[in-house]
Amino acid sequence: MKDRLARIALPIVGILAVVALWAFMSTTVPDLPSPLKTWQDSKVYIMEPLVKRGEMDQGIGLLAFQSLIRVAKGFLLGALIATPLGFLLGLSKAFNRMFDPVIQVLRPISPLAWLPLGLIVFQKSEPAALFTIALCSMWPTVINTMAGVKAIPQEYRNVAKVLRLTGFQTFTKVLLPATLPHMFTGYRLSLGIAWLVIVASEMLTGTPGIGGFLWQEYNSLIYAHILLCILTIGIVGFLLDRMMGFVEVRLRSV
Amino acid sequence: MEVRNVSKSFAGAKGFRDVLSGIHFSVEEGDFVSIVGSMGAGKSTFMNILSGLVKADSGTVTIGGKAVTGIHPRASVVFQNYSLLPWFSALENVRLAVDAAYPDWPRKKQIEQATRFLETVGLSGALHKRPSQLSGGMRQRVAIARAFATDPEILLLDEPFSALDALTRATLQQELIDLCSRAGRAVTVIMITNNLDEALLLSDRIVPMTRPPRASLGTPIEVRLPKPRSASLLMHDPHAVRIRAEVVERLAEFVHTKKPAAPVVPIKTATVAEERAS
């Protein structure tokens, strides 16, 4: 009982402490809105989350939804490339030697660097944003899938051989199920990165969504809304991670 | 099935190590042959060569006059560590083997075949359980059902019962005998084991394996005892006692006679590193 109380009470104490720090900071930093002002200015966006008043002037739920759709598209595009790439890297040593250096160089490149290239190539902001999200978020999936394939016990490969499974059967019945938990670890990490990238790409392209709204409100000097966006981004990211983590744990228990 | 002059070596830290050398071995159709040797004698390597998982450096393996390349279509292998796929139920594990052997059968017939063999080994209640929900003995039963469900002509058993307790081992040995006698055709069985009683109980011939490096096979010892045999027969029958003594003596010889140390062929460090990396 005491343990359960602590489990609920302690996080609340932690949150209150951070809000208190924020409130204190807002008294010293002139332009930083206090928690109360943030709430007052943002109330309408939170209480009517699905109302659309203008291109950017929308309820927070609607903005987050637009961003989520964009993230989903970019993430799926990335996963569609990353998963087979990870398998190839794990299965073929020659392929691995050929492309490992390229991957190691591409991996640490920031979304801010990719986005202008995307804009040059695609000429439009939406595909450029997807391109950036896909390119930045795919690496954890590539690397985890590769590691998963490499970690498949020889025992399972031997089973595939002695049962004389076809290439397709070996892939669907042995390699894929054996790699699935690793793949999902990759997906979870990739989705986290995709969500990080969304804000940067929306800021630079000015597309409607949580990041676009954040940037617009900064330019309109409505600073309370920046904090609203930051909190929303954090909470949505947390929920996404929990969701993927849940799937991952279920897969691992098999 | 005939094995001529098979050798195999692996690259080790100090150079190439000859694990098997100059192995001659032949099995008639329908024979049950056991290869008995101590731990780490290269038995599993030999089994992997027979099953086609590993290629021998030299020598040939022929079945029915034809050279073996890769896995023989009518051979089944049972491994010591069960080797079931953990994401499939017992039934799905067996059905996968049936599907691979008989791809044109309708799914329903494949499931019937798999179910029938699982029922034969007493697993009708565990058809839909995953390997992790089964005991060691039950897992090996699934593996045996999987091996028989493809109607094999040749059965290769790599220490199939050595991970099991004595009681389970005895039950499974009996089930193996039943399955062999019930199969529609003569099944040729080659079993690798480190358990002499098991070899005496099941086989027509026992082949002792010498110690590595450069392990090879000794002269086969015929076991002329009526089948099925019981454990008590093996304890008291004079012929059985004599055979046991003979095999023990042979294996002891291998241990005690000092063979000239196998030459370790030095190889360049770079080659070893290359070999490991690949």
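**Chain A, chain B and their contacts in a predicted model**

Among contacts in chain A between residues at least 6 apart in sequence, 71% link residues at least 24 apart. The model is predicted. The secondary structure of chain A consists of 10 helices and zero strands. Read from the N terminus, its elements run α-α-α-α-α-α-α-α-α-α. Along the principal axes, the C-alpha atoms of chain A fill a box of roughly 70 × 60 × 30 Å. Chain A has 254 residues, and 36% of them are buried.

Two domains are assigned in chain A. Domain 1 covers 1-32 and domain 2 covers 34-252. A distance of 30 Å separates the C-alpha centres of domain 1 of chain A and domain 2 of chain A.

Chain A meets chain B through 15 residues, which are in contact with 14 residues of chain B. On the chain A side, α7 and α8 each supply at least two residues. The largest share there, six residues, comes from α7(A). By class, the side of chain A that touches chain B has eight nonpolar, two polar and five charged residues.

The loop between α7 (154-162) and α8 (167-205) of chain A holds R164(A). R164(A) is not a glycine, yet its phi is positive, at about 55°. Within 10 Å of R164(A) there are 18 other C-beta atoms, so the residue is partly exposed; the cut-off for a buried residue is 20 or more.

Chain B has a residue with a positive phi as well. E159(B), also not a glycine, has a phi of about 45°. E159(B) sits in the loop between β7 (154-158) and α5 (166-182) of chain B. Its surroundings hold 20 C-beta neighbours inside 10 Å, and E159(B) therefore counts as buried.

Strand β7(B) belongs to an open sheet of six strands in chain B. The strand order is β6-β7-β8-β3-β9-β10, and the pairing is mixed. The edges are taken by β6 (75-78) and β10 (221-222) of chain B. Each edge strand has a single partner, so one side of each is left without a neighbour in the sheet. Inside the sheet, β7(B) and β8 (residues 188-193) of chain B run parallel and are joined by five bridges. One bridge position is given by I154(B), whose partner in β8(B) is T188(B).

A helix packs on this part of the sheet. Helix α4 (residues 136-148) of chain B lies across β6 and β7 of chain B. The helix runs at about 175° to β6(B).

The largest nonpolar core has 120 residues. The residues with the most contacts inside this core include I133(A) and A194(A) from chain A. From chain B, they include V94(B), L118(B), V142(B), A145(B) and L156(B). The contacts of I133(A) can be listed apart from its neighbours within four places in sequence. One group consists of V71(A), G74(A), F75(A) and G78(A). The others are A194(A), V197(A), I198(A) and S201(A). I133(A) and A194(A) are thus in contact with each other, and both are among the residues with the most contacts inside the core.

Conventions: Residues numbered from 1 in each chain as written. Chains lettered and ligands numbered in written order. Predicted model: local features only at pLDDT ≥ 70, side-chain atom pairs only at ≥ 80, totals over all residues. Helix = DSSP H or I, 4+ residues; strand = E, 2+ residues; numbered from the N terminus. Buried ≥ 20, exposed ≤ 12 C-beta atoms within 10 Å, placed from the backbone. Contact = placed C-beta atoms within 7 Å. Domains from an automatic or database assignment. Nonpolar A, V, L, I, M, F, W, Y, C, P; charged D, E, K, R; others polar. Pairing = 2+ DSSP bridges. Axes fitted to C-alpha atoms, helices over the stretch in contact; angles between N-to-C directions. Core = buried A, V, L, I, M, F, W, Y, C linked by C-beta atoms within 7 Å.
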